[in-house]
Structure formats: C-alpha cells, structure tokens
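Biologist: I should like to learn how to read a structural model feature by feature. Could we begin with how burial is judged, and then work through the structure?

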Amino acid sequence: MTALLEFLNTYMWRLIFALVIVGVLPLLAGYVVLMERKVMADMQARLGPMRVGPHGLLQPIADALKLLIKEDIIPENADKLVFWFAPVISVTAAMVAYSALAIGPFFQIAELNIGLIFIVAISSMGIFGIILGGWASNSHYSLLGALRSTAQMISYETAAGLALVGGVLLAGTLSTKQIVQAQQGGTWFVFVAPIGFFLYLVASIAETNRAPFDLPEAESELVAGYMTEYSGFRWAVYFLAEYANMIVVASIATTLFLGGWLRPFGSIAALDFLDFFPPLCFFVVAAYCFYRTPKQPEPIQSAVMALFGGLCLLLAVAMALPFVPGLADSKPGLHGAFWFLLKVFLYIYSFMWIRFTFPRFRFDQLMRLGWYFMIPLSIVNVLGLGVYKVLRQLQWNRWPAFLLTTGGTLLVAIWLVWIAQKKAGIPGSVGDMTEAEG
Amino acid sequence: MADTRTTGFPGVEQTVLGADEIIINMGPQHPSTHGVLRVKLRLDGERIVDSECVIGYLHRGVEKIAEHRSYQQFAPYVDRMDYVAAVSNGLGYCEAVEKLLGAEAPMRAKVVRTILTELQRISSHLLWLGTHAIDIGALTPLFYCLREREEILKIFEKYCGARLTTHAFRIGGLQYDTYDGFEAEVKRFCLDFGHRVDEYEQLLTENRIWIARTKGVGVLTAADAIDMGATGPVLRGSGVKWDIRKAMPYAAYEKYEFEIPTGKNGDTYDRYLVRMEEMRQSNRICLQAVEDIPAGPIMGKVGKVLKPPVGEVYHSIEAPKGELGYYIVSDGTTQPYRVRIRPPSFINLEALDKMIKGHLVADVVAIIGTLDIVLGEVDR
C-alpha cells in the first residue's frame with residue numbers, strides 16, 4: 001500500500017499529464033481539422049462547415065461519431081493482422097512523441113536528457129504504419145503511396161534532423177525544457193538561425209505529408225495513397241495520426257526555434273502588458289459568443305454557443321489567476337501553455353497557408369529538392385551555426401557573428417539553386433524540370 | 001520475386017529483387033479522370049511504359065437518337081454532350097440545320113448567339129482551369145473560377161431559364177429576345193473579368209512548382225497534333241494558328257477583332273497559357289459585341305415543320321474544346337436520316353497515349369487535365 005502511495009506520489013502528475021495528452025490530443029487534432037477547413041474556406045471565398053453547431057463548432061465531434069459507427073471494411077486479400085495494426089503504429093508514434101515535449105516549465109510527462117533525439121526517433125516510427133498499411137492493403141494505389149512515403153521520409157528526415165541539430169548546437173542540450181530555458185532572457189533561436197527554421201519548416205511539411213509534399217496521399221493521382229483501402233474508424237486513426245503528427249512537429253519547432261512557452265519579448269519590461277493578452281483574448285472570444293447566443297436560429301445552437309462562451313470565460317478566468325495576489329506562481333504554467341499553443345497554431349496555420357497556395361511537387365522533383373538542396377544546405381547550416389557559436393565564445397558581438405554566418409549560409413543556398421538550375425537531364429528523370437526552372 | 005540479372009560486368013551475375021511492371025487501372029472511378037474515363041497504365045515503378053484508354057461508360061447513343069427525333073426535337077440532346085459548354089453545342093447544331101435548310105438567322109440573333117457562346121467559352125475554360133489546377137495540387141483557383149463561372153451561369157439562367165443544359169438557341173434564330181439589362185450585365189461581367197484573369201495568372205503563371213509541373217510535360221509537336229486531328233487549344237498550344245472563328249467565320253465573328261493565341265513548345269504550360277489568353281480574347285469579343293447589338297427580328301424565316309431538302313451538310317464551329325462538327329444527312333423528311341457528330345474531346349483524347357508515354361503517374365493527371373476532355377462528349 002505504501003509502495004503504491006509512493007508510486008502515485010512520484011508519478012501522479014505524470015500520469016495526469018499523460019491522460020491529458022491522450023484525451024486532449026485527438027480532440028485538438030479534430031479541431032485542427034475544423035481550423036483547416038475554416039482557413040481553407042476563408043482563402044477560397046467560401047464559408048466552410050456551418051451546419052453542425054454554430055459556425056460548425058461541433059463538426060469534429062460529428063465527424064468522429066460518423067467515422068466510429070461506419071462499417072469497417074477489410075479488403076479480401078489484405079494481410080488482416082498488419083492491416084489492423086498499421087494505423088495503430090502511426091497514431092501511437094505520434095502520441096508517444098509528445099511525452100518528451102514540455103508545454104510549460106511544469107507540464108511535461110517525462111523530462112529526458114535526450115528529449116529531442118527521443119522525439120525524432122519515435123516520430124519516425126510512424127512511417128512504419130504507413131508502409132505496412134500500404135503493403136497490407138494489397139492495392140496498387142496503396143503500394144505506390146507507401147513507396148513514395150518511404151522515399152520521402154528517408155530524404156526529409158535527414159534534412160529535418162540536421163536542421164534540429166543547429167538548434168541543439170545553440171542550446172547546448174537535448175532536453176526540451178532546457179532548450180527553452182536557453183532561449184529565456186536572450187533571443188529565440190529563430191532569430192539566430194532563420195535558415196535552420198526555414199529548413200525545418202519545409203522538412204516538417206514533407207514529413208507530415210502535407211501539400212505541396214503530399215505525394216503519398218496525392219488525391220488527384222493515387223486516390224488516397226496508402227489510405228485508399230481504409231475506411232471508417234481505421235481511416236480515422238490514420239487521419240488522427242496525421243494531424244497529431246502536425247501538432248508534434250509544430251511543437252518541436254516551437255520548442256526549438258520559437259521560444260517554447262516563453263512570452264514574446266519576455267525580457268523587455270516595458271512590454272509586460274502582454275501578460276494581459278491571454279485572459280483578454282479568451283474574454284473577448286467569450287464575450288462574442290455570448291453576444292451571438294441569442295441570435296442563433298435554433299435553441300440548440302444557442303445552447304452550444306453559450307457553452308463555448310462559458311468555456312472561454314472559464315479559460316479567461318484561469319488565465320487571470322496569476323494576477324490574484326498569492327497565486328503569481330501559476331503564471332509560467334498557465335500563460336506558458338497559452339503562448340505555447342498559440343505558437344503551435346500559428347505554425348500550423350503557416351502549413352495551411354502553404355497548402356492552399358502551391359501546387360503539388362512531382363516525385364522526382366521532390367527527391368531532387370531534398371537531396372540537392374535541403375540536405376546540403378542543412379549541413380552547411382549546422383556548420384554556420386557552429387562557427388557562430390565559436391565566434392560568440394571568442395567574445396564577438398552578436399550582430400557581426402550573425403550576419404557573417406547567416407550570410408555565408410545564404411550564399412551557399414543561392415549557389416545550390418544556381419547549380420540545380422544548371423544541372424539538366426539527370427538520368428532517370430523526365431529531364432525537363434531543371435530546364436523549366438532555368 | 002528473386003531474379004538473376006547480369007550486372008553489366010562480364011561473368012558477374014547478381015541476384016536482384018525482380019522489379020515487375022505493374023498494371024493499374026486509373027478510373028473509371030478516380031478523382032481526376034474528369035468523369036468516367038478509364039486509363040489502363042503499365043508502370044515500371046512510377047514511369048508509364050504503356051497505356052490504353054477505355055471509353056464508353058457514358059455512351060447514350062446521341063447520334064442514334066437523332067434519327068428518331070425531328071430536327072427541333074433533337075436540339076436539346078446536343079446540350080448533353082459537352083455539358084459544360086451546352087451553348088456552343090447548340091450553336092453548332094442550329095447553324096448546321098440552318099445551312100441544310102438554306103435559311104439564315106437574322107443579325108440580331110447572330111450577335112446574341114456570339115455573346116452567349118463566348119461567355120460559354122469563358123465558363124468552360126474557367127472550369128478547366130480550376131480542375132486542372134486541382135489535378136496538379138493547387139486547390140484554391142477552383143473556387144475563384146467557380147465564383148466567376150457562377151456569374152455567367154446567372155446570365156444564362158436569366159436569359160433562358162437554365163444554367164447548364166441551356167437549349168439557348170432555336171433553328172433559325174432565337175426563341176427569346178434578350179432580357180432587360182442583358183447588355184449592362186454582360187458588360188459589367190466583362191469589364192470585371194479582365195482583372196480576374198490576371199489574378200489567376202498571379203497564382204499560377206510564375207509559380208515555380210506550377211512551371212516545373214507543366215513545362216515539358218505532355219509535349220505534342222505540331223506535326224503530331226495535325227496528324228491526330230487535334231483541334232482547339234490542344235492544336236494551338238503546339239503552335240498551329242488554326243481557329244474556325246477566323247478560318248471559316250460563322251455567327252457574327254467576322255465583325256469582331258480578336259487574336260488567336262498560340263504556343264511554341266506544345267507542352268502543358270503552353271496550352272495553359274493559350275487557354276488563359278483565349279479567355280481574355282473571348283472577353284474582348286463579348287465587349288465589342290455587347291456594345292452594338294443590332295435591332296431587328298430574332299427569328300429567321302423557317303417554317304414550323306422543318307423539311308430540309310434531300311442532301312447533306314457538314315458544319316463545324318470552334319467549341320471551347322476544339323472543332324465541333326455536325327454532319328447531317330437529310331432524306332427530305334422531318335427527321336434527319338443520319339447525324340454524325342465530330343466531338344473535339346474524343347479526337348483530342350487520342351493524343352493521350354502518345355503524350356503520357358515515359359512520364360510519371362503524376363503527369364498523367366496533368367495531361368488528362370490539359371486535354372480538357374468532357375466524357376459526355378467523348379462517349380456521346
């Protein structure tokens with residue numbers, strides 16, 4: 001009994017956090033889907049989902065219910081065990097990866113000293129789910145999708161990993177918590193290593209199979225790629241894994257480059273009024289919800305609107321707690337989570353923005369971009385940041401060191417583009433792409 | 001499957017994993033075959049070794065139906081061929097029968113026909129642009145295109161009550177005169193539309209990924225295009241300056257100034273540019289025509305019962321997809337003896353096999369998109 005109590009005492013918070021992650025991440029993923037549909041609609045001069053709940057606020061829940069009760073179809077010649085297991089691998093990898101991420105100085109399931117390596121290692125396991133699912137479906141489209149996915153992951157994991165190495169170099173640690181702490185009081189790493197951030201942005205889009213790198217599931221080519229034969233709940237699990245993965249890569253980028261849970265301009269006392277932003281933000285949303293409540297066409301819509309308003313009000317109150325005398329200690333935890341999630345959503349927003357703007361790459365173009373541009377540049381980027389670090393240790397000022405290293409890396413990038421334009425007719429390619437670029 | 005192959009070095013043999021060619025069926029239910037086209041692809045990895053088009057899933061026997069309908073009764077059927085350009089289909093049919101009868105529509109009818117047909121060309125090209133962009137992965141242009149297309153469909157609806165299968169024209173002229181404010185509405189649309197085309201071009205024309213995906217893809221040389229009988233933007237994209245509106249003017253096209261845009265390389269990018277420019281030119285024609293619609297009757301002198309003299313006629317127009325021809329044989333009765341339709345999509349589609357060979361799977365959808373086929377017209 002005492003052993004149990006001791007165990008609980010030690011691990012209680014971690015267990016709670018783990019449950020929160022398992023419970024909230026799918027919900028969050030569902031609402032990221034809604035956000036995507038709304039953002040897409042906004043960019044395309046439409047309204048998006050409007051029927052289920054006011055402004056489609058209940059759409060994710062309706063979708064999830066629909067997918068749960070759909071018939072579960074397994075193709076006749078599929079490898080049933082693998083077919084059943086593959087989506088689970090994907091979603092498990094995405095969720096486990098979240099265990100080492102710190103959403104605040106306090107909110108973290110496991111503080112690992114090898115945090116980042118752990119996250120990268122686990123989230124690359126997700127690819128097994130895609131390959132196995134594509135293979136087990138026994139369909140040509142699925143197989144092609146899985147093959148594309150494999151090649152893409154191998155190419156872009158390298159670039160993403162190397163882009164992360166840059167940030168790790170600057171922080172001098174792999175622990176996610178300490179990486180954020182290294183940015184406290186100083187500048188965020190995105191301002192020290194903008195090229196590294198850019199490389200990670202591109203590589204993480206490719207890693208999460210999002211447009212313009214969504215070749216594994218390219219709808220207009222491969223129907224749905226590796227997910228073609230999946231339906232109902234299994235499909236939903238894949239979908240969840242995809243969006244959970246997006247949240248994971250956005251969280252990594254936030255931790256490493258965007259200062260994690262830190263407030264923007266945290267070190268400038270004159271901008272301390274930004275601390276009022278989190279409660280005010282929720283309060284405004286709550287006020288708008290209440291304002292719109294009586295204007296809903298049906299009582300049930302009004303009820304949902306009022307519920308959302310109440311929820312936001314609750315959050316506003318929670319965010320205002322640190323201003324109560326005696327509770328100031330709760331500030332880093334509560335506000336930290338707010339800023340962290342805000343940055344995550346901004347990062348995901350940029351994903352969506354890119355998705356709805358650009359056409360899709362072709363497979364050979366994708367590979368060429370990866371191997372001829374991303375990987376060399378990320379190696380040079382690591383080198384540049386190493387030089388930066390040495391220069392700083394030699395008591396150089398920040399700006400000359402930054403301009404020298406980033407400028408050097410930028411020159412290499414331009415050189416690489418130039419090379420890519422000159423190189424035409426690479427064997428095994430259709431051969432006109434480089435010519436077209438020139 | 002293990003397989004022994006030579007490595008290229010004498011005496012050295014190596015067991016490699018056999019890379020067999022696979023055959024995949026693209027369609028008839030596939031998101032980007034624009035209806036019910038089925039393409040059997042033989043793939044080496046992702047490269048297309050061989051392909052075969054299978055059509056006929058939407059065959060309704062339009063030509064046979066014609067033999068059992070009177071001339072007027074058959075007119076609505078042609079709307080169902082290229083259902084995104086019904087007005088153009090109707091124009092071709094009505095003019096062919098008029099030619100057979102030796103009748104002519106009055107000038108006012110001709111001008112209104114020209115305006116509506118050019119609006120239809122714009123709407124057809126808009127739909128092409130949106131779906132083509134989606135095939136290549138750019139999701140957003142479709143909705144902008146549909147927004148503009150909606151304006152055109154509203155004009156159609158106001159004019160004749162239908163949006164898609166309009167049956168806008170009658171043999172000998174028009175059933176309805178233009179509604180009040182027709183000129184103003186067309187003019188407002190046209191003045192606005194010029195900027196809108198520029199907007200679409202901003203999204204795509206200079207986009208590096210778009211260029212990389214379309215330049216050098218699906219090249220059709222001018223000689224090949226002519227040999228295969230390709231017409232319309234597919235032919236003009238290859239650099240052949242052939243447009244029936246200029247070569248054999250019909251309706252009121254003689255009166256208006258417009259250019260025939262042509263491409264150079266005959267690739268998907270050139271065809272894209274040609275169609276974009278065609279939209280501008282159509283817009284220009286509409287603006288000229290709507291400025292000055294002559295007064296007068298809208299129906300020519302044709303009887304209630306049409307009995308064309310024994311004989312045959314071939315009349316073709318420049319539909320949005322290419323040359324749309326009607327070959328009608330009359331035996332002197334009220335029903336045509338035979339109607340043969342030359343559908344541009346069907347003949348342009350024949351170039352597909354040649355164009356996709358050696359390309360990747362992703363290019364297939366780009367090339368199907370660039371051919372701008374409508375299966376209703378291919379299968380009839």
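Modeller: A residue is buried if 20 or more other C-beta atoms lie within 10 Å of its own, exposed if 12 or fewer, and partly exposed in between. Please keep in mind throughout that this is a predicted model.

Biologist: By that criterion, is Thr140(B) buried or exposed?

Modeller: Thr140(B) has 21 other C-beta atoms within 10 Å and is therefore buried. Its place in chain B is the loop between α4 (107-136) and α5.

Biologist: Which residues does Thr140(B) touch, leaving out those up to four places away in sequence?

Modeller: On that count, Thr140(B) touches Met43(A), Gln44(A), Phe356(A) and Thr357(A) of chain A, together with Leu203(B). As for Gly130(B), a separation of 10 residues in sequence from Thr140(B) corresponds to 8.1 Å between the C-alpha atoms.

Biologist: How many residues take part where chain A is in contact with chain B?

Modeller: Chain A has 30 residues in contact with 32 residues of chain B. On the chain A side, two or more residues are given by each of α5 (140-171), α9 (219-222), α14 (363-393) and α16 (433-437). The largest share, 4 residues, comes from α16(A). By class, this side of chain A divides into 16 nonpolar, 5 polar and 9 charged residues.

Biologist: How confident is the predictor in chain A, and what is the pLDDT over residues 424-438?

Modeller: Chain A has a mean pLDDT of 81, with 95% of its residues at 70 or more. Over residues 424-438 of chain A, however, the pLDDT is below 50, although this stretch has 24 contacts in the model beyond near neighbours in sequence. For chain B the mean pLDDT is 85, and 95% of its residues reach 70 or more. For the complex, the predictor gives an ipTM of 0.77 and a pTM of 0.82.

Biologist: How should one describe the packing of two helices?

Modeller: Two packed helices are described by the angle between their axes and the distance between the axes. In chain A, helix α1 (residues 2-43) packs with helix α10 (residues 232-257) at an angle of about 90°, the axes being 9 Å apart. The two helices, α1(A) and α10(A), are therefore roughly perpendicular to each other. From α1(A), the contact is made by Leu25(A), Pro26(A), Leu28(A), Ala29(A), Val32(A) and Val33(A), and from α10(A) by Leu240(A), Tyr243(A), Ala244(A), Met246(A) and Ile247(A). This contact has 11 nonpolar residues, with no polar and no charged ones.

Biologist: What should one look for in a nonpolar core?

Modeller: In soluble globular proteins, nonpolar side chains tend to be buried together. Here the largest nonpolar core has 221 residues, of which Tyr200(A), Ala203(A), Ala244(A) and Val364(B) touch the most other members. Helix α10(A) gives the largest share of this core, 17 residues.

Biologist: With which residues is Ala203(A) in contact, leaving aside its neighbours within four places in sequence?

Modeller: Ala203(A) is then in contact with Tyr156(A), Ala159(A), Ala160(A), Ala163(A) and Met374(A).

Biologist: How does one read the sign of phi?

Modeller: Most residues other than glycine have a negative phi. Ala45(A) is not a glycine, yet has a positive phi of about 60°. Ala45(A) is in the loop between α1 and α2 (59-69) of chain A, and it counts as exposed because it has 11 C-beta neighbours inside 10 Å. His167(B), likewise not a glycine, has a positive phi of about 45°. The loop that holds His167(B) runs between α5 (141-160) and β6 (169-170) of chain B. With 18 other C-beta atoms within 10 Å, His167(B) is partly exposed.

Biologist: Where is Val219(B) placed, and which residues does it touch beyond four places in sequence?

Modeller: Val219(B) is in the loop between α7 (208-214) and α8 (222-227) of chain B. Val219(B) touches Asn265(B), Gly266(B) and Asp267(B), with residues up to four places away not counted. It has 19 C-beta neighbours inside 10 Å and therefore counts as partly exposed. Val219(B) and Tyr269(B) are 50 residues apart along the chain, and their C-alpha atoms are separated by 9.6 Å.

Note on methods
Residues are numbered from 1 along each chain as its sequence is written. Chains are lettered from A and ligands numbered from 1 in the order in which they are written. This is a predicted model: local features need pLDDT of at least 70, side-chain atom pairs count only at pLDDT 80 or more; totals for chains, interfaces and linings use all residues. Axes are lines fitted to C-alpha atoms, for helices over the stretch in contact, and angles run from 0 to 180 degrees between N-to-C directions. Angles under 35 degrees count as roughly parallel, over 145 as roughly antiparallel, 65 to 115 as roughly perpendicular and the rest as oblique. Two residues are in contact if their C-beta atoms, placed from the backbone, lie within 7 Å. Ala, Val, Leu, Ile, Met, Phe, Trp, Tyr, Cys and Pro count as nonpolar, Asp, Glu, Lys and Arg as charged, and the others, Gly among them, as polar. A nonpolar core is a set of buried Ala, Val, Leu, Ile, Met, Phe, Trp, Tyr and Cys residues joined through C-beta atoms within 7 Å. pLDDT is the predictor's confidence in each residue, from 0 to 100.
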